[in-house]
2 protein chains.
Amino acid sequence: MLLCDIGNTTYHFLDKDKKYKYALDSFDPNSIDDKVYYICVEPTLKETLKQLDNWIDISQYIDINKYYSTMGIDRIVACEAIEEGVIIDAGSAITVDLVKDGVFKGGFIYPGTRAMRDTYKNISSALDYEFNYDLDTSKLPKNSTDAISYGYLKLLYSEVNSYNIPVILTGGDADLLKKLFTDAEVNEDLIFDGMKKLIETTA
Amino acid sequence: MLLCDIGNTTYHFLDKDKKYKYALDSFDPNSIDDKVYYICVEPTLKETLKQLDNWIDISQYIDINKYYSTMGIDRIVACEAIEEGVIIDAGSAITVDLVKDGVFKGGFIYPGTRAMRDTYKNISSALDYEFNYDLDTSKLPKNSTDAISYGYLKLLYSEVNSYNIPVILTGGDADLLKKLFTDAEVNEDLIFDGMKKLIETTA
């Protein structure tokens, strides 16, 4: 049995403890005979996979009424992984989702680090700085690097801390944000954890 | 006597109570004989204006040690206009500056509404929504429009409210943000107010 998290650009497999990735356009899902439990955000590919008996879409095991119709399946499955906490999934976008007593309480979407860096740069060359992840969040800045870093990072930091609940970081930029959320748990396998839990309890 | 706020694209004049604008590339500063007090963010034009006896750069009247070296002169002059408050200047960028007892306490820079709208759109077509300025800031969203609106607007709202000090809105998107900061004062002439104050007290 394999698990597969399919994003906009890659198939991300978990085979027991081994993880590997394939590019979306260079991998043929027919080449696998094993049973594959998957989630997929790519609509066309989703239709293709429906035709393959050994590929099983995990989204069918989810009670969508607990979430909302346009919410990404990756966010939903990450929420299913935990009973309590705020999940920060830091990728091209940063999604922040709150779960209490196993119930999704809502969430919001913030630009990812690269997107936000470009946003400042494109507004003005005077704002073309790298973010300072060692920012002192306790005082208002008096220099340009910290003025944009505070705008981006401290506002996220305050919002997440206001929930007063454990923080779980996942996604490609989890380690970067760990500098800010020093008490957070980093879990790169949160989506696979959610998939496993759904299979165990419902499949 | 005229006042002139020169940005990256326009000369913005105040002649007593009359305001008018000229494009940077189509107006000749030599065409004016009156005394003009100005601020200018455009480095090349600043050098040109230095040669004209009737154009007087107000930045010379400012004690720059109260601010920081790369801080925009428009932000500084807006701060000079008030004794106490948080100034939100909502243009291509949103600058937020705190002034207490006439002293600048620091500030930060956040992307402007158009820049941030584009940022979400460019991350994914699934995030291509207009912001909801009537957002309920009291609860975490469960729909896509509010998920991005909350990420952009509520985080700014919480930060500014945490200062517990009167809010003054200025800049082109002041009216938009007034929907969020319902108790804020809108002052489109904050920079001219600051210029007048500097002239009265030091010129």
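Okay, before anything else, one definition: when I say two residues are in contact, I mean that their C-beta atoms, placed from the backbone, lie within 7 Å. With that in hand, take B:Met195. If we leave aside its neighbours within four places in sequence, B:Met195 is in contact with B:Leu3, B:Tyr37, B:Ile39, B:Ile58 and B:Val77. And keep in mind, please, that what we're looking at is a predicted model.

So why start with that methionine? Because B:Met195 is among the residues that touch the most other members of the largest nonpolar core, which has 120 residues. The others on that list are A:Tyr38, A:Ile88, A:Met195, B:Tyr38 and B:Ile88.

Let's step back to the whole chain, and I'll use chain A for this. It has six helices and ten strands. Along its principal axes, the C-alpha trace spans about 60 × 40 × 30 Å. Of the 203 residues in chain A, 41% are buried. As for contacts between residues at least 6 apart in sequence, 41% of those in chain A join residues at least 24 apart.

Where do the domains fall? Domain 1 of chain A covers 2-61, and domain 2 covers 83-187. Their centres, taken over C-alpha atoms, are separated by 30 Å.

Now over to chain B, and we'll start at the beginning of the sequence. Strand β1, residues 2-6, runs antiparallel to strand β2, residues 10-15, and four bridges join them. If you want a pair to look for, B:Leu3 has B:Leu14 as its bridge partner in β2(B). Those two strands make a hairpin, with three residues between them.

Then β2(B) carries on to another partner. Six bridges join β2(B) to strand β3, residues 18-23, and again the two run antiparallel. Here B:Asp15 is the one to find, with B:Lys18 as its bridge partner in β3(B). This is a hairpin too, with two residues between the strands, and B:Lys16 takes a positive phi near 55° there.

A bit further along is helix α2 of chain B, residues 73-80. How many of its eight residues are buried? Eight, so to speak a full house: the helix is mostly covered. The buried residues include B:Ile73, B:Ile76 and B:Val77, and also B:Asp74, B:Arg75 and B:Glu80. You'll remember B:Val77 from the contacts of B:Met195.

Next, the sheet. In chain B, five strands form an open sheet in the order β8-β7-β6-β9-β10, with mixed pairing. The edge strands are β8 (103-111) and β10 (185-186), each pairing on one side only.

Strand β6 deserves a closer look, and I'll switch to chain A for it. Is β6(A) enclosed or open? Six of the six residues of β6(A), residues 85-90, are buried, so the strand is largely enclosed by the rest of the structure. Both faces are covered: A:Gly85, A:Ile87 and A:Asp89 lie on one side, with A:Val86, A:Ile88 and A:Ala90 on the other. A:Ile88 is one we met earlier, in that list from the core.

What does β6(A) pair with? One partner is β7(A), residues 93-100, which runs antiparallel to β6(A) over six bridges. A hairpin joins the two through two residues, and A:Asp89 stands opposite A:Thr95 in β7(A). Another partner is β9(A), residues 167-170, which runs parallel to β6(A) over four bridges. In that pairing, the bridge partner of A:Val86 is A:Val167.

Last topic: how the two chains meet. 35 residues of chain B are in contact with 35 residues of chain A. On chain B's side, the elements giving two or more residues are β7 (93-100), β8, α3 (113-123) and α4 (144-161). Which of them gives the most? That's α4(B), with nine residues. By type, chain B's side divides into 19 nonpolar, twelve polar and four charged residues.

And the symmetry is neat to follow. Chain B can be laid on chain A by a turn of 180° and a shift of 0.0 Å along the axis, with an RMSD of 0.0 Å. The two copies are thus related as by a two-fold rotation axis. The same surface serves both copies, as 100% of the contact residues of chain B recur in chain A. If you'd like to find the axis on screen, go to B:Leu155: of chain B's residues, B:Leu155 comes closest to the axis, at 2.8 Å for its C-alpha.

That's my tour, thanks for listening.

Technical notes: Residues are numbered from 1 along each chain as its sequence is written. Chains are lettered from A and ligands numbered from 1 in the order in which they are written. This is a predicted model: local features need pLDDT of at least 70, side-chain atom pairs count only at pLDDT 80 or more; totals for chains, interfaces and linings use all residues. Two strands pair if DSSP finds at least two bridges between them. Ala, Val, Leu, Ile, Met, Phe, Trp, Tyr, Cys and Pro count as nonpolar, Asp, Glu, Lys and Arg as charged, and the others, Gly among them, as polar. Copies are superposed by least squares on the C-alpha atoms of residues with pLDDT of at least 70 in both. Domain bounds come from an automatic or database domain assignment. A nonpolar core is a set of buried Ala, Val, Leu, Ile, Met, Phe, Trp, Tyr and Cys residues joined through C-beta atoms within 7 Å. A residue is buried if 20 or more other C-beta atoms lie within 10 Å of its own, exposed if 12 or fewer, and partly exposed in between; C-beta atoms are placed from the backbone.
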